[in-house]
There are 2 protein chains.
Amino acid sequence: MKNKMITSRDIDFAQWYTDVVTAARLAAYSNVKGCVIFEPNGYAIWERIKEELDKMFKETGHQNVAMPLLIPENLMKKEGELINGFAPEVAWVTIGGQKTLEERLCIRPTSETLFSDYYSSVVKSYRDLPLKYNQWCSVMRWEKETRPFLRSREFFWQEGHTVHATKEEAEQETKDMLNIYKKFFEEYLAVPVIAGLKTEKEKFAGAEYTYTIEALMHNGVALQSGTSHYFGQKFSKAYDIKFLNQNNELEYCYQTSWGVSNRMIGAIIMVHGDDNGLILPPKIAPTQVIIVPIGNCDVVMDKCEEIYQLLKNNHISVKIDKSEKSPGFKFAEAEVNGIPVRIEVGLRDLENNCLTVVRRDTREKMSISLKENLLSYINHLLCEIQTNLYKTAKKRMEDLTFEAHNISEVESIMKNHPGFIKADWCGSEECELKMKEINGTKSRCILEHEPLIDGKCVVCGKTAKHLVVWGIQY
Amino acid sequence: MKNKMITSRDIDFAQWYTDVVTAARLAAYSNVKGCVIFEPNGYAIWERIKEELDKMFKETGHQNVAMPLLIPENLMKKEGELINGFAPEVAWVTIGGQKTLEERLCIRPTSETLFSDYYSSVVKSYRDLPLKYNQWCSVMRWEKETRPFLRSREFFWQEGHTVHATKEEAEQETKDMLNIYKKFFEEYLAVPVIAGLKTEKEKFAGAEYTYTIEALMHNGVALQSGTSHYFGQKFSKAYDIKFLNQNNELEYCYQTSWGVSNRMIGAIIMVHGDDNGLILPPKIAPTQVIIVPIGNCDVVMDKCEEIYQLLKNNHISVKIDKSEKSPGFKFAEAEVNGIPVRIEVGLRDLENNCLTVVRRDTREKMSISLKENLLSYINHLLCEIQTNLYKTAKKRMEDLTFEAHNISEVESIMKNHPGFIKADWCGSEECELKMKEINGTKSRCILEHEPLIDGKCVVCGKTAKHLVVWGIQY
């Protein structure tokens, strides 16, 4: 029995995605072109993500700040590569307080310029370093085609910006933050990722190099999920961020930046979801357990309340659905919304001294004796669901990761069923562009620590420099 | 001994304020005109405020959402009073993706229009109601003169927007939210407020009426601190938000909105701060206790660690200052930053089986025997500081609240020492404007439930309608 509001995933993946977003009330289309509205269910997931990631940032010595929304054109232009990269997609404020502005201001597409300008005024000595700041905010990029959570003009993210006294420390920070992202995706979102280095062509505008984590959606399409950039002294030279080092010499600082966005919600949908809607990993679900009373007699309602208190007092996020809808409707709604565990409390079950527990991932129905320790049962089940989601996604990613030895193999894989393709690469942009002709296949990342396959570029056959993961992207 | 970075509050209040903001590293001036940077200390206070208020909103059935940053001009204009109120101070985006836009978009100065547009598409039946949504975001108003936390082009706030099936329920919501604000100011920020109704002239553009809470700063100047608006059906008629009521008839909804902003940080500074810097109420302080080791021998550091663990494990927010600065420097820094309690751990004290504890509000130094129960001592002290801050502020507000019977009394009070003036008012805008000629004295709010003083308007002498609190405002 499948949800009638939702197109089957195997029939039309794009429509399935849109249907899940709508049916689970994660987001609504707004009358502001290219911008979506985060509805309560969608925003609650974003809040959970923020809560857990923020904890990880703070535990590693980062502090939150807030920079302005607007960037004056001159400030934006100080570092050449960044503005060249972003100029085609920024929005400009030209009128304020009914007057045409002398200098136009763009809505931040990213905030390296603002952080660098600030750092230039506060960093004086090595004793002030490092500064490891982060902000949670929205940014604006004037995209043409948009899709909720994956690509929209305004999107939510966090952007970390750090400044260090040494190259080594900044490079370590770049790696550390990539690892935090990887850990968060795998342990909290239950989404396995491949981590590696972006090619010159795909790196962030203005970075010396960019690390990325890449996830694979259910349909074999890749999603760039988080990036961590090492800037070296590029911005510190453009924005004049100097400090007195331990030898009392003026030196330019070393910088990094790193970010993940509300794309994570898209990844959750497209990695775990099914034809009945969303499936939320317990560690990130705003509601982990929903209790559905069948009927509303006192015995049933008292039992619901008892279970609610038991779980709530033990740090499980739980709700009772006391609305006037029918139990069947409530079950379907809980499924669409992806709530990991549903407990059904009915009079007949209670008379038999049991409860019905349903897990969302497998949709398995279990009858639980009232004599069992419900709390430990539920805790155990939540862990099991978390693990099962990760294992299933991991196996799928492995099944859809292929090796290719020549370009016709790449073509046949991508036309058969897309996925990740591992193949050697000579390092030239020409060969990257030839790969792109195959359904838009792009380099996802360079695997620095894995050996080459044949030692020859999959496109031109010349000596290979890197093992690269390729894929079609969102 | 006072902090040399800070101008004395009694010599130059405005400069004192700026000095505290800078010395406590709450905010920095940015190169974006009219916008400030929230530095870690300032943003951490905002995070604490959000955390506690958000809990209160959620406990009363509100859910968070996120609306777009930009509002198309036509959507903004649908309700006439709101756009008339905000038109002079909005910022317009006219270029996006290198093209001039067909329709310009303003950066939200407030989001009634976006919420109403959304509600019009999702509200169908009385069963969908109420919808009680809130968002935490920044908004933009093109102010000319700006001051950190009090008035800036971009500021942070929350805006709640609710939609109801009945007038009664919406009016109750308007009152309930005002009461939540009042409770939050008094119990968490330790800032006493006066609550009442705005006059027609001072109410929110588009509202049927506006409730406000008004606080009094140390210098006797009033700060409008939070507002709660009842819209009736004004927006639902302009944006066509209709629902089928229980009689199966189409009816326009009833709406409210309410907001508080980062002004709260300004209020904390100007109500509690002194010549040594910030004083944070314990219930909102990001760090409640700071432990300062004197020397760094093992005995001292072990004791610091032991106290740290004891407090941390009992939900007190605590830090050890392990930096390389001198103890004297650390004491001064903890004072400037307003940390409620400082524990000094030195070898000599330890040899005498004691610790030194300093409270920030009174700057009192206490020697505590190691035999005492430190945890309960500190918990008790934090409560006492919270209470003392509130009591002191409350007494000051009472001392600076005057009754006036005629306009010359108003003049003499405002020229002597400003404060709140209670005086009767006939209800005419003319009389309000005449009051404004006295150093900009404005009506703060109407006290609906208090009896008139003389029954005659303080300005014109005609029959009074309302008892009004007047003041000079930020």
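1. A nice place to start is the pairing between the chains: A:Gly96 stands opposite B:Ala91 in strand 5 of chain B. Please keep in mind that this is a predicted model. The two strands involved, strand 5 (residues 91–96) of chain A and strand 5 of chain B, run antiparallel and are joined by five bridges.

2. Stepping back to the whole contact between the chains, 39 residues come from chain B and 39 residues from chain A. On the side of chain B that touches chain A, the elements giving two or more residues include helix 2 (40–59), helix 5 (112–122) and strand 7 (131–140) of chain B. Strand 5 of chain B gives the most, with six residues. By class, this side of chain B has 25 nonpolar, nine polar and five charged residues.

3. Now to a helix pair within chain B. The axes of helix 9 (residues 298–312) and helix 12 (residues 374–399) of chain B come within 10 Å, crossing at roughly 60 degrees, which means that helix 9 of chain B is oblique to helix 12 of chain B. The crossing is right-handed.

4. Which residues make that contact? Helix 9 of chain B brings B:Ile307, B:Leu310 and B:Leu311, while helix 12 of chain B brings B:Leu374, B:Leu375 and B:Ile378. By class, that is six nonpolar residues, with no polar and no charged ones.

5. One last pair of strands is worth a look. Strand 20 (residues 401–403) of chain B runs parallel to strand 21 of chain B, and three bridges join them. B:Glu403 has B:Lys422 in strand 21 of chain B as its bridge partner. Strand 21 (residues 420–425) of chain B is mostly covered, with five of its six residues buried.

Technical notes:
Residues numbered from 1 in each chain as written. Chains lettered and ligands numbered in written order. Predicted model: local features only at pLDDT ≥ 70, side-chain atom pairs only at ≥ 80, totals over all residues. Axes fitted to C-alpha atoms, helices over the stretch in contact; angles between N-to-C directions. Helix = DSSP H or I, 4+ residues; strand = E, 2+ residues; numbered from the N terminus. Parallel < 35°, antiparallel > 145°, perpendicular 65-115°, else oblique. Left-handed = near helix turned anticlockwise from the far one by under 90°. Contact = placed C-beta atoms within 7 Å. Nonpolar A, V, L, I, M, F, W, Y, C, P; charged D, E, K, R; others polar. Buried ≥ 20, exposed ≤ 12 C-beta atoms within 10 Å, placed from the backbone. Pairing = 2+ DSSP bridges.
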